[in-house]
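Biologist: Before I rely on this structure at the bench, I would like to hear how the terms used for it are justified. Could you take me through them?

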Amino acid sequence: MTIQKIYIVGSGQMGSGIAQVAIQAGYQVTISDVQESFVEKAKANIKKKLARLVEKGKLTKEDQETSVARLTTSINLNDAKDADLVIEAIVENEKIKGEVFQKLDEICKEEAILASNTSSISITQIAANTKRPDKVIGMHFFNPVPVMKLLEITRGLSTSDKTLKIAEEVGQKVGKVTIVSKDSPGFIVNRLLDPMLNEAVYLLDEGVATVDDIDKGMIYGCNHPMGPLALTDLIGLDVLLAVMEVLYQEYGDPKYRPCPLLRRMVKAGKLGKKSGEGFYKYD
Ligand SMILES: NC(=O)c1ccc[n+]([C@@H]2O[C@H](COP(=O)([O-])OP(=O)(O)OC[C@H]3O[C@@H](n4cnc5c(N)ncnc54)[C@H](O)[C@@H]3O)[C@@H](O)[C@H]2O)c1
C-alpha cells in the first residue's frame, strides 16, 4: 500500500512537528485535537515555521504554498476514515491512548496502519485495543521533529514485516534516519536518555549543584548540545515523569524511580517551555 493520506491525532509539540515534516514531504495531512482553537494554533505555528524557512532560503515560496495546501484540520476522529496511516501523538497515558486506538480501529479502513508516537508505552499493549495488531506500530519522533533526524520504530509482538517496511519508508520520505527496537520499556533512546535526565533532577533536588552548573557540566564536559535540565524543559517535565513511571513500574528497579522534585514541579504546573516555566523561565 502506498501511503498518501496521514491523519495525526494530537496537535501539540509533537503532532504539529510531525504534520510539518509530512506536508513538506508531499503527504496529505490532517491534524486533529479535542478543540478547534488547538488545531488552529498548531496550523498557525506550522505556517510560521515554514515562513521562517523561506526567509532563511531553505524553502521556496512555491514549496511553502503547496505544503500548506496539503494541511487540513479536524476535531472529529471520524475524519480518519480514509487515512492510510494514523499517527497518534496525544498525552502519554496508556488508558487514554487505548481508548483512542479502540475508536480508530472502528473508524479506519481495514488496511490502514495505526502508529503511536509514544515515548514509553508498550506498543503490544496499545495494539491490544484493536483487531489489527499486525498493523499497529511505534513511530517515535524526536523533539523538535523538523530538526531531529531520528525516527525510532518499535515493533509490537504482532507487528507485521509489511507494516514495519511501510513505517520505514514513511520515515525515510520525511527525511529521518530510522532505527528499529523491540517492544521494550523506553525502547532504545529513552531507556538511555531519560534516567540521565532524571538523575540531573536528583542532583538539583539534593542541592549538589545549581541548574546552571548541572547543564554546563554536560555541555562542556560531554559535548552535549544542551544541558539535561534545559532538555527536560524542552521535552516537558510531565513527559519525562510519565516515561520514568513506566520504566520504574516495568523494571521495578529503584534506579528508575522518578525524582520527587520532578513530581512536585509537574504538580505545580511547571512543565517546562510549553507552560512558560520549568528549570528555566520562558517568555
Ligand atoms: N515532548 C517530547 O519531547 C516528546 C518526544 C517524543 C515523543 N513524545 C510523545 O508524544 C506524545 C505527545 O507529546 P507532546 O509533547 O506533543 O504533548 P503535548 O502536551 O504538547 O500535546 C498533546 C496534545 O494531544 C491533545 N490530546 C489529548 N488527548 C487527546 C485526544 N483524546 N484526542 C485528540 N487529542 C488529544 C492535547 O490537547 C494536546 O494538544 C506523547 O505520547 C509523548 O510521550 C513527546
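Modeller: What follows deals with one helix and then with the surroundings of the ligand, and the model is a predicted one.

Biologist: How do you know that α7 has the span expected of a helix?

Modeller: Helix α7 runs over residues 189-205, which is 17 residues, and reaches 24 Å from its first C-alpha to its last; at 1.5 Å a residue the expected value is 24 Å, and the span is close to that.

Biologist: Which residues of α7 are called buried, and what makes them so?

Modeller: A residue is called buried if 20 or more other C-beta atoms lie within 10 Å of its own, and in α7 Asn190, Asp194, Leu197, Asn198, Ala200 and Val201 are buried. They cover an arc of only 150° around the axis, so they lie on the same side of α7. The buried residues of α7 pack against α8 (211-222), α9 (228-235), α10 (237-251) and α11 (260-267).

Biologist: Why is the ligand said to lie between domain 1 and domain 2?

Modeller: Domain 1 (5-182) and domain 2 (189-275) both give residues to the shell around the ligand, and therefore the ligand lies between them.

Biologist: Which residues come nearest to the ligand, and which element gives the most to the shell?

Modeller: Of the 27 residues around the ligand, Gly10, Gly12, Met14, Ser119 and Asn143 come nearest. The elements that give two or more residues to this shell are α1 (13-24) and α4 (94-107), and α1 gives the most, with three residues.

Note on methods: Residues are numbered from 1 along each chain as its sequence is written. This is a predicted model: local features need pLDDT of at least 70, side-chain atom pairs count only at pLDDT 80 or more; totals for chains, interfaces and linings use all residues. Helices (H or I, at least four residues) and strands (E, at least two) are DSSP runs, numbered from the N terminus. The expected span of a helix is 1.5 Å times one less than its number of residues. A residue is buried if 20 or more other C-beta atoms lie within 10 Å of its own, exposed if 12 or fewer, and partly exposed in between; C-beta atoms are placed from the backbone. The arc is that of the directions from the helix axis to the C-beta atoms. Two residues are in contact if their C-beta atoms, placed from the backbone, lie within 7 Å. A residue is near a molecule or strand if its C-beta atom, placed from the backbone, lies within 6 Å of it. Domain bounds come from an automatic or database domain assignment.
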